[in-house]
Amino acid sequence: MLYYAPWKTALVVLVALAGLITAAPNLLTKQQLEALPSWMQLPQVNLGLDLRGGSHLLLEVDTSAVLRDRLEAIVEGAREELRKERIGYTNLGISGTNAVGLRLRDPSQADRARELLNKLGQPLQGGAFNLGASPSDLQVDISADGAVRMTLSEVAVRERARSAVTQSIEIVRRRIDQTGVNEPTIQVQGNDRILVQLPGIDDPQRIKRLLGTTAKLSFHMVDTTANPNAPPPPGTEILEGDKPRVQGALVERYVVKRKVEVAGEDLVDAQAGYDQRNGEPIVSFRFNTKGAKQFAEITQQAVGQPFAIVLDNKVLSAPVIREPILGGSGQISGNFTVAEANDLAVLLRAGALPAPLKVIEERVVGPDLGADAIRAGVIAVIIGFVLVNIFMVAIYGLFGAFAVVAVTLNLILILGALSVMQATLSLPGIAGILLTIGMAVDANVLINERIREEYRLGKSVVASLDAGFNRAFSTILDSNLTTLIAMAILFAVGSGPVRGFAVTISIGIVTSMFTAITVVRLMMVMWLKSARPKTLAV
């Protein structure tokens with residue numbers, strides 16, 4: 001008991017200093033911290049929405065739009081395949097919510113038509129795990145009179161809706177990350193809703209614009225022979241421009257072909273910049289290998305023709321192709337402001353949403369409310385800390401005072417660890433810190449009671465202290481391990497503030513094991529060596 005290895009003493013001192021250094025920035029304001037030299041600007045604890053204030057958005061994924069896109073793709077695919085084989089048809093179009101219908105002019109061509117239309121089916125996700133062929137999402141039925149119905153299966157409908165929500169969450173996360181928001185909370189709620197919490201954002205309008213924009217970019221040929229003020233020919237549609245070219249003028253209309261020549265999903269980069277010719281804000285883009293090849297082919301074939309750049313069914317611009325573009329890159333201009341160009345670049349880099357998002361709930365938590373929550377949480381921690389310390393000193397005297405030092409160091413280490421990990425502290429996290437104070441002194445209570453028992457059995461001071469620590473250690477370890485397991489499960493299945501609570505408790509358990517056993521033992525060894533007591537007053 002009297003021997004304490006020098007390296008252990010050095011370790012305790014280093015850990016305590018590290019805790020003090022990493023926790024200290026939390027005593028400063030943001031402005032005070034930024035005024036320090038860069039090497040002294042250590043991270044602070046991130047405050048959650050309930051403490052810092054910010055924006056709360058509940059978004060709904062329009063999963064029906066995903067089905068419409070798939071059905072429209074089937075319509076275009078059927079038109080192209082049947083025309084290629086010179087199979088006549090009429091009344092091609094979407095029928096109901098999950099089917100496409102048409103009628104063959106010659107029912108005797110049904111077998112060939114079925115073979116062609118079956119090619120439009122896509123394998124269902126998960127089909128790769130089957131031993132046989134992957135099931136198709138499309139069922140083709142042809143009646144004796146030539147009526148054709150292509151139906152998406154129920155499994156395909158559910159799979160596309162689920163996939164749309166999953167992809168939307170990932171794209172929402174990428175878009176928000178590029179805005180520089182710290183520690184946003186993004187999670188699924190129900191089947192088709194996404195919860196977004198943004199600490200520190202008290203004006204969510206720009207975020208709403210970023211999240212509410214599908215950012216589905218595509219490139220289409222323009223039909224210059226059609227009248228934009230008349231019904232569009234088959235295979236085309238009329239789209240309006242994003243904004244008038246001249247302020248006060250009418251928005252221009254374009255007749256564009258429905259076929260997507262190059263898809264925005266093939267973009268690998270997009271950056272805002274300025275046009276070297278006129279200094280206007282633009283967005284430069286670059287395709288991957290597949291997109292670059294398609295872009296090169298279409299620009300080679302369509303020299304002299306206008307090429308529409310479409311974003312969310314609005315034509316950003318329709319420049320005439322002057323020469324083949326073989327480098328796989330280009331630029332978008334459309335009378336942008338600098339902010340609009342930057343936002344468009346963010347949207348294109350993050351990728352298009354598979355379906356539109358609708359804001360169905362919006363709340364702003366003011367910083368005053370967050371400050372009140374912080375104040376109440378700090379008061380609760382201080383009261384708990386003081387009461388626990390009074391109890392320990394009153395019951396255990398000097399050994400209780402050692403426990404007070406250990407609990408104080410434990411709080412410092414928790415704060416330092418949260419800062420280094422850039423974890424988010426919320427109200428449940430403060431509750432976890434308060435709970436940790438009580439749990440931290442449990443170990444000291446066990447140790448002190450064991451020391452009392454051993455001393456009352458007639459053992460010497462040193463033997464009592466040594467036996468007290470040794471006998472209590474296994475009990476302390478077991479109880480903390482079971483709590484850690486429970487917190488690991490809570491972290492795995494929980495989300496948001498629940499995870500924050502689990503993280504705080506877990507950090508508190510690890511640091512309390514260090515402070516309650518290692519640090520307290522060091523203080524007792526130092527006391528024994530200096531005071532050399534003959535009796536114990538416990």
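How many Å² does the accessible surface of the protein chain come to, and what share belongs to carbon and sulfur atoms? The accessible surface is about 27700 Å², and 57% of it belongs to carbon and sulfur atoms. Accessible areas come from the Shrake-Rupley method with a 1.4 Å probe, and for residues only the protein chains shown count as cover.

This is a predicted model, in which local features need pLDDT of at least 70, side-chain atom pairs count only at pLDDT 80 or more, and totals for chains, interfaces and linings use all residues. Residues are numbered from 1 along each chain as its sequence is written, and side-chain values use heavy atoms, with hydrogens and water left out.

## Whole chain

The protein chain averages a pLDDT (the predictor's confidence in each residue, from 0 to 100) of 84. A score of at least 70 is reached by 94% of the residues. Over residues 127-132 the pLDDT is below 50. Beyond near neighbours in sequence, that stretch has 4 contacts in the model. Contact means heavy atoms within 4.5 Å.

The C-alpha atoms fill a box of roughly 110 × 60 × 40 Å, taken along the principal axes. The radius of gyration of the protein chain is 34 Å, whereas a compact globule of 538 residues would have one near 24 Å. That radius is taken over C-alpha atoms, and the globule rule is 2.2 Å times the number of residues to the power 0.38.

Of the 538 residues, 43% are buried. Buried means under 20% relative accessible area, exposed over 50%, and partly exposed in between (1.4 Å probe, protein chains only). Among contacts with a separation of 6 or more, 68% are between residues 24 or more positions apart.

The secondary structure comes to 14 helices and 19 strands. Helices (H or I, at least four residues) and strands (E, at least two) are DSSP runs, numbered from the N terminus.

## The sheet β3-β4-β6-β5

Strands of a sheet pair through backbone hydrogen bonds, either parallel or antiparallel. Two strands count as paired if DSSP finds at least two bridges between them.

An open sheet of 4 strands has the order β3-β4-β6-β5, with antiparallel pairing. β3 (89-95) and β5 (138-142) are the edge strands, each pairing on one side only. Neighbouring strands are turned by 15° against each other on average, direction ignored. Axes are lines fitted to C-alpha atoms, for helices over the stretch in contact, and angles run from 0 to 180 degrees between N-to-C directions.

β5 and β6 (residues 147-152) pair in the antiparallel sense over 5 bridges. Within this pair, Val140 stands opposite Met150 in β6. Helices α4 and α5 pack on this sheet, as the table shows.

## The sheet β13-β14-β17

Another open sheet has 3 strands, ordered β13-β14-β17, and its pairing is antiparallel. Its edge strands are β13 (267-274) and β17 (329-332), which each pair on one side only. Here the average turn between neighbouring strands is 25°, direction ignored.

β13 pairs with β14 (residues 281-287) over 7 bridges, in the antiparallel sense. Tyr274 stands opposite Pro281 in β14. Helices α8 and α9 pack on this sheet.

| Helix | Strands touched | Angle between directions |
|---|---|---|
| α4 (residues 63-84) | β3, β4 (99-104), β5 and β6 | about 165° with β3 |
| α5 (residues 110-118) | β4, β5 and β6 | about 170° with β5 |
| α8 (residues 289-301) | β14 and β17 | about 110° with β14 |
| α9 (residues 338-350) | β13, β14 and β17 | about 170° with β13 |

## Around β16

Strand β16 (residues 314-317) pairs with β10 (residues 236-241) in the parallel sense, over 2 bridges. Glu240 stands opposite Lys314 in β16. β16 also runs antiparallel to β15 (residues 307-311), joined by 3 bridges. Ile309 has Ser317 in β16 as its bridge partner.

The hairpin of β15 and β16 has 2 residues between the strands. Which way does phi point in this loop, positive or negative? Asp312 has a positive phi of about 50°, although it is not a glycine. Asn313 lies in the loop between β15 and β16. Asn313 is not a glycine either, and its phi is positive at about 65°. Most residues other than glycine have a negative phi.

Asp312 is partly exposed, with a relative accessible area of 25%. Asn313 counts as exposed, at 55% relative accessibility.
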